[in-house]
Amino acid sequence: MSQNISDTYASQLQQMRTEVLAQLRAQRGGKVGRAESAAEARETASDDWAQADAERDLAFALEERESAELVAIDEALKRIADGSYGLCIDCGVGIATPRLHANPTALRCVACQEKIEHAQGTAPPAGY
Ligand SMILES: [Zn+2]
């Protein structure tokens with residue numbers, strides 16, 4: 001992959017990183033996380049525990065998803081730095097450019113990704 005193309009992905013990833021960090025900060029509203037706010041709400045509004053629980057779970061889920069995204073972005077930036085970016089981590093072939101454009105943190109080519117999704121999800125078709 002040429003240096004120019006790597007630079008394009010690097011700046012795209014940096015931008016994603018900034019956005020995810022801003023979202024995380026906004027959710028935390030400074031130092032208090034939404035999860036903590038929900039926990040406080042639960043203490044004051046004891047007749048509505050179920051809803052406070054649901055809100056807290058949602059806040060945790062959002063933070064977890066965004067933290068995972070941040071890790072994926074950092075991994076991709078590291079891979080750009082060491083020159084392995086854009087290569088499938090399983091089979092080593094170059095990941096298709098449209099796929100990287102759509103998902104700059106992609107680690108695997110479509111074929112390997114599908115294999116993993118099959119392994120995790122539905123059983124493979126007979127004879128596969
Ligand atoms: Zn692959």
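**A four-cysteine zinc site in an all-helix chain**

At 43% relative accessibility, Cys 91 counts as partly exposed, because this class runs between the 20% limit for buried and the 50% limit for exposed. The model examined here is predicted. Cys 91 is one of the residues that coordinate the zinc ion. Its fellow donor Cys 88 has a relative accessible area of 4% and is buried. Cys 109, another donor, is buried too, at 10%. Both values fall under the 20% cut-off, so both residues are classed as buried.

The zinc ion is bound through the SG atoms of Cys 88, Cys 91, Cys 109 and Cys 112. The coordination distance is 2.3 Å. Angles subtended by the four donor atoms run from 103 to 118 degrees. The arrangement is therefore tetrahedral, since that class requires all angles to lie between 85 and 135 degrees. For reference, the ideal angle for four tetrahedral donors is 109.5 degrees. Along the sequence, the donor residues follow the spacing C-x2-C-x17-C-x2-C. Zero disulfides are found in the structure.

Cys 109 sits in the loop that connects α4 (97-102) to α5 (110-120). Leaving aside residues up to four places away in sequence, Cys 109 touches Cys 88 and Cys 91. Further contacts of Cys 109 are with Val 93, Ile 95 and Arg 99. Arg 99 lies 10 residues from Cys 109 along the chain. The C-alpha atoms of this pair are 8.2 Å apart.

Helix α3 spans residues 49-82, 34 residues in total. From first to last C-alpha, α3 reaches 49 Å. This is close to the 50 Å expected at 1.5 Å a residue. Buried positions in α3 include Ala 52, Ala 59, Leu 62, Leu 70, Ile 73, Ala 76, Leu 77 and Ile 80. Glu 63, Glu 66 and Arg 79 are also among the buried residues of α3. Just after α3 comes Gly 83, with a positive phi of about 85 degrees.

At the level of the whole chain, there are five helices and zero strands. The order of elements from the N terminus is α-α-α-α-α. The chain has 128 residues, of which 27% count as buried. About 8400 Å² of the chain is exposed. Carbon and sulfur atoms supply 55% of that area. Among contacts between residues at least 6 apart in sequence, 52% join residues at least 24 apart.

Technical notes
Residues numbered from 1 in each chain as written. Predicted model: local features only at pLDDT ≥ 70, side-chain atom pairs only at ≥ 80, totals over all residues. Heavy atoms only, no water. Donors = N, O, S within 2.8 Å, 3.2 Å for Na, K, Ca; no water. Tetrahedral: all angles 85-135°; square planar, octahedral: opposite > 155°, others 65-115°. Buried < 20%, exposed > 50% of the residue type's maximum accessible area, 1.4 Å probe, protein only. Disulfide = S-S within 2.5 Å. Helix = DSSP H or I, 4+ residues; strand = E, 2+ residues; numbered from the N terminus. Contact = heavy atoms within 4.5 Å. Expected span 1.5 Å × (residues − 1). Areas by Shrake-Rupley, 256 points an atom, 1.4 Å probe, with all protein chains shown as cover.
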